[in-house]
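Please look through the sequence and the structure shown below before reading on. The report that follows takes up strands, the core, the cysteines and the charged pairs in turn.

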Amino acid sequence: QVQLVESGGGLVQAGVSLRLSCAATGSIFSINAMGWYRRAPGKERELVTCITRSGSTNYADLVKGRFTISRDNAKNTVYLQMNSVKPEDTAVYYCNADLIPAESMWLRAYWGQGTQVTVFS
């Protein structure tokens, strides 16, 4: 079974850096776009950043210049480097991948279970 396994969340002080990781495990034919979403308290889920297989990226305005997304295709892993974090970044962060499982050959979206990032001032 294909799963997305996240790591790297935690409780950190404002201004520091944090790196989230998300690895896709299982039998996978290919992975297309990967990305990070977040849901802050009292707010709707929002797209933080995404990246194509070839490396093209897109960022939400609120994180542009502070966060960087990258991926290692050999490891089926996507990363989110979070610099200069703010209390407003406090949220549950979810990894997403559009991929084709080897057994089905049908493209579908997979989601991680979420990892909590809490930023205090």
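How many bridges join β9 to β11, and do these strands run parallel or antiparallel? In this predicted model, 3 bridges join β9 to β11, and the two strands run antiparallel.

**Strands around β11**

One of the residue pairs between these strands can be named, for Ala-91 has Val-117 of β11 as its bridge partner. Strand β11 is also joined to β2, which covers residues 10–13, and here there are 4 bridges and the strands run parallel. In that pairing, Gln-13 has Phe-120 of β11 as its bridge partner. The two faces of β11 can be told apart, since Thr-115, Val-117 and Val-119 make up a covered face, whereas Gln-116, Thr-118 and Phe-120 make up an uncovered one. Val-117, the partner of Ala-91, therefore belongs to the covered face, while Phe-120, the partner of Gln-13, belongs to the uncovered one.**The nonpolar core**

In soluble globular proteins, nonpolar side chains tend to be buried together. The largest nonpolar core of this model has 30 residues, and those that touch the most other members are Leu-20, Trp-36, Phe-67, Val-78, Met-82, Tyr-93 and Leu-99. Two or more residues are given to this core by each of β3, β4, β5, β7, β8, β9 and β11, and the largest share, 5 residues, comes from β9. Val-78 gives a picture of the surroundings, because, leaving aside neighbours within four places in sequence, Val-78 is in contact with residues including Leu-20, Cys-22, Met-34, Trp-36, Ile-51, Ile-69 and Cys-95.

**The cysteines**

A search of the whole structure finds 1 disulfide, and this disulfide joins Cys-22 to Cys-95, with a distance of 2.1 Å from S to S. The link is left-handed, with -80° about the S-S bond. Cys-22 lies in strand β3 and Cys-95 in strand β9, so that the pair, 73 residues apart, links distant parts of the chain. Are the two joined cysteines buried or exposed? Cys-22 counts as buried because its relative accessibility is 0%, and Cys-95 is likewise buried, with a relative accessible area of 0%. Cys-50, by contrast, is in no disulfide, and the nearest cysteine sulfur, that of Cys-95, is 12 Å away. At 26% relative accessibility, Cys-50 counts as partly exposed.

Not counting residues up to four places away in sequence, Cys-95 touches Leu-4, Glu-6, Cys-22, Gly-35, Trp-36, Val-78, Tyr-110, Trp-111 and Gly-112. Cys-95 and Arg-108 are 13 residues apart in sequence, and their C-alpha atoms are 14 Å apart in space.

**The charged pairs**

Side chains of opposite charge can pair when their charged atoms come close. A search of the whole structure finds 4 salt bridges, and three of them are set out in the table, with the distance between N and O atoms.

| Salt bridge | N to O distance |
|---|---|
| Asp-89 and Arg-38 | 3.0 Å |
| Lys-64 and Asp-61 | 3.3 Å |
| Asp-89 and Arg-66 | 2.8 Å |

The pair of Asp-89 and Arg-66 ties together parts that are 23 residues apart in sequence, because Asp-89 lies in the loop between β8 and β9 and Arg-66 in the loop between β6 and β7. Both Asp-89 and Arg-66 are buried, and salt bridges that share partners join Arg-38, Glu-46, Arg-66 and Asp-89 into one network. In the salt bridge of Asp-89 with Arg-38, the partners are 51 residues apart, with Arg-38 placed in strand β4, and both of these residues are buried. Asp-61, a partner of Lys-64, counts as exposed at 66% relative accessibility.

**A residue in the loop between β8 and β9**

Val-85 is found in the loop between β8, residues 77–82, and β9, residues 91–101. Val-85 counts as buried because its relative accessibility is 2%, and buried means under 20%. Leaving aside neighbours within four places in sequence, Val-85 is in contact with Val-12, Gln-13, Ala-14, Gly-15, Val-16, Arg-66, Phe-67 and Val-119. Among these contacts, Arg-66 is a salt-bridge partner of Asp-89, Phe-67 is one of the core residues that touch the most other members, and Val-119 is on the covered face of β11. The C-alpha atoms of Val-85 and Pro-101, which are 16 residues apart along the chain, are separated by 35 Å.

How values were computed: Residues are numbered from 1 along each chain as its sequence is written. This is a predicted model: local features need pLDDT of at least 70, side-chain atom pairs count only at pLDDT 80 or more; totals for chains, interfaces and linings use all residues. Side-chain values use heavy atoms; hydrogens and water are left out. Buried means under 20% relative accessible area, exposed over 50%, partly exposed in between (1.4 Å probe, protein chains only). Contact means heavy atoms within 4.5 Å. A disulfide is a pair of cysteine sulfur atoms within 2.5 Å. A nonpolar core is a set of buried Ala, Val, Leu, Ile, Met, Phe, Trp, Tyr and Cys residues joined through side-chain atoms within 4.5 Å. Two strands pair if DSSP finds at least two bridges between them. A salt bridge is a side-chain nitrogen of Lys or Arg within 4 Å of a carboxyl oxygen of Asp or Glu.
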